[in-house]
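Here are some short exercises on how two parts of a chain meet. Try each task before you read its solution.

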Amino acid sequence: MAGKSPRKLRLSTNPTHEALSELRLGDVVYLDGTLYTAREGVYMRALEEKANIPMELPAKSAANFHCSPAASINSDGSFNLGAVTATASFRFSKWIGDWMAASGAKLIIGKGGMSAEDYKQHFVPNGAVYLTTVGYGTGALLGRGVKKVVDVHWHEELGLAQAMWVIEVENMGPFIVESDLKGNSLFERENEKIARNLEALYEGTKPATLKRYGETDDRKDELI
Amino acid sequence: MISTNLIQQTAETLMEKAAIEIPQDYLEGLKGAASKEDGDLSAFVLQAMLENYEAAKEDRRAMCGDTGTPRWYVKMGNEAAIEGGPVAMETALRRATANATQNVPLRPNRVHPLWRTDHNNNVGIGAPEIEYAFEPDGDWIDLTTVHKGGLFGTDYRMLFPSDGIAGIKRFYLDSLVAFGKRGLACQPAIIGIGLGGTKDACMVLGKRAACLRVVGDKNPDPKIAALEAEFTELGNNIGMGAMGFVGSSMVIDCNIEVGYCHTGGMQMSVHAFCLSSRRAVARIYSDGHVEYRTDPNWFTPYQRRETVEWEDSAWLEKAHAN
Ligand code: SF4
């Protein structure tokens, strides 16, 4: 196994600009504070239907988790929260700029990152970075970092999976720093390295006889 | 007679086991990959996953917060009888799915495709899927639940005989690189490949090859088994590891299943079962005895039969004696 393990840091869910500028691509981060889940349901309701965001942002939290927890609401109104895993973030590109403006989010946490273009266009001007979950199946570890569910907003309107879960966390992680304040992306850096080997690997294979419409053979292509 | 109560109870236990306990065969495979991985970031991810499985078992919480789309595979011995018949059994499986979603808890992932209606219990139109198979012997039923995750680890292509093995390899690599970028399919995974059949049958074969065969299992056709071994290695030579970081952990094992297809075509599907390779199995006997396991043992000689009649001699003898 590899000898070099990544640097580990603790970070607040309302981080200072200094704390964010410390982060390097590939650092491993553990979070303390309050975070909330928001994905397409919350974005559409807040940004398109212009419903009032049901919590004070970013005062209460500057950390938006692209996630729906494995959780249920008990008949007495208490919450039963097990595992927490992110959902793929690239689909939220069309809302992220407006959401940052509305919420003041400094940490976007999710699965798989967003495009370098999103980072340059929306993250850099807002002084925000992207943290990716690990694996991505580390739901049980992340679940351990949850101290309590503070609230669930809009679960009647949006369903449990799309609702806005407000969660108090302590030493929650691991997360990996995917973008920095300059808008660099760890995934893009890794993809470039991997793309260099691909030509040799493909030797001796044969492209399909029947092409698919819109198909490309550029192996360096980013998919999102 | 197998009681529907017992079916429901067993099914609820299976739902919990699948969500929480990583199957041993996959765990061993992943440990093997972790011991060989020398990409720093990929190795860190694998280590975190190994810790995650422990945390899930210790805390009895789901290993991954996305608990996938629970489904059922039901296999019935030829002599099995179910109280209330198949309709009562389907109701029991739907109840178990709903109850386990509340109690484990699982994520209520299932929604209407257009109206996004969410019953918060993973039950709805066509959900959970229930698939069937039969075996010539036995008065038992095998219940298997698979909670496959991932929107990203599946693809299909119509190839032709002239594309040959080189064409199969190309589509295999194309699929793995596409699934693996940014790790959206949560590799390293068990990769299932379906070859032949028809488009829908090919998808089903590949998915079952990924989800219903265990790590280390080989196709009984020695030439296909050799291809499985070659493809496992090929996938791990892409240079990509966990989360799409530089590394060597892409494929824990590759399973290929074939079905007879149209003479002009060669359908191919590729499916990645993710880091949360969730499957749990129980055999319920008619005397009420239940045995739990993690190997679905789905692809028996009977499931892969090529002939008109089932010619297994042991079975024939018994059939004639009756
Ligand atoms: S694909 Fe990843 S996030 Fe989805 S269930 Fe599997 S491990 Fe979890």
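The exercises below look at the domains of chain B and the interface between them.

This is a predicted model, in which local features need pLDDT of at least 70, side-chain atom pairs count only at pLDDT 80 or more, and totals for chains, interfaces and linings use all residues. Residues are numbered from 1 along each chain as its sequence is written, chains are lettered from A and ligands numbered from 1 in the order in which they are written, and side-chain values use heavy atoms, with hydrogens and water left out.

**Exercise 1.** Find the bounds of the two domains of chain B and the distance between their centres.

*Solution.* Start with the domain assignment, which is automatic or from a database: domain 1 covers 4-17 + 63-149 + 279-321, and domain 2 covers 151-272. Next, take the centres over C-alpha atoms; they lie 25 Å apart.

**Exercise 2.** Work out how much area is buried between domain 1 and domain 2 of chain B, and which residues of domain 1 lose the most.

*Solution.* Buried area is the accessible area (1.4 Å probe) that two parts lose on being put together, summed over both. Here that comes to about 1400 Å², with carbon and sulfur atoms giving 56%. Then look at the domain 1 side: B:K148, B:F299 and B:R304 lose the most, together 42% of what that side buries.

**Exercise 3.** Count the salt bridges across this interface.

*Solution.* Apply the rule: a side-chain nitrogen of Lys or Arg within 4 Å of a carboxyl oxygen of Asp or Glu. It finds 2 salt bridges between domain 1 and domain 2 of chain B.
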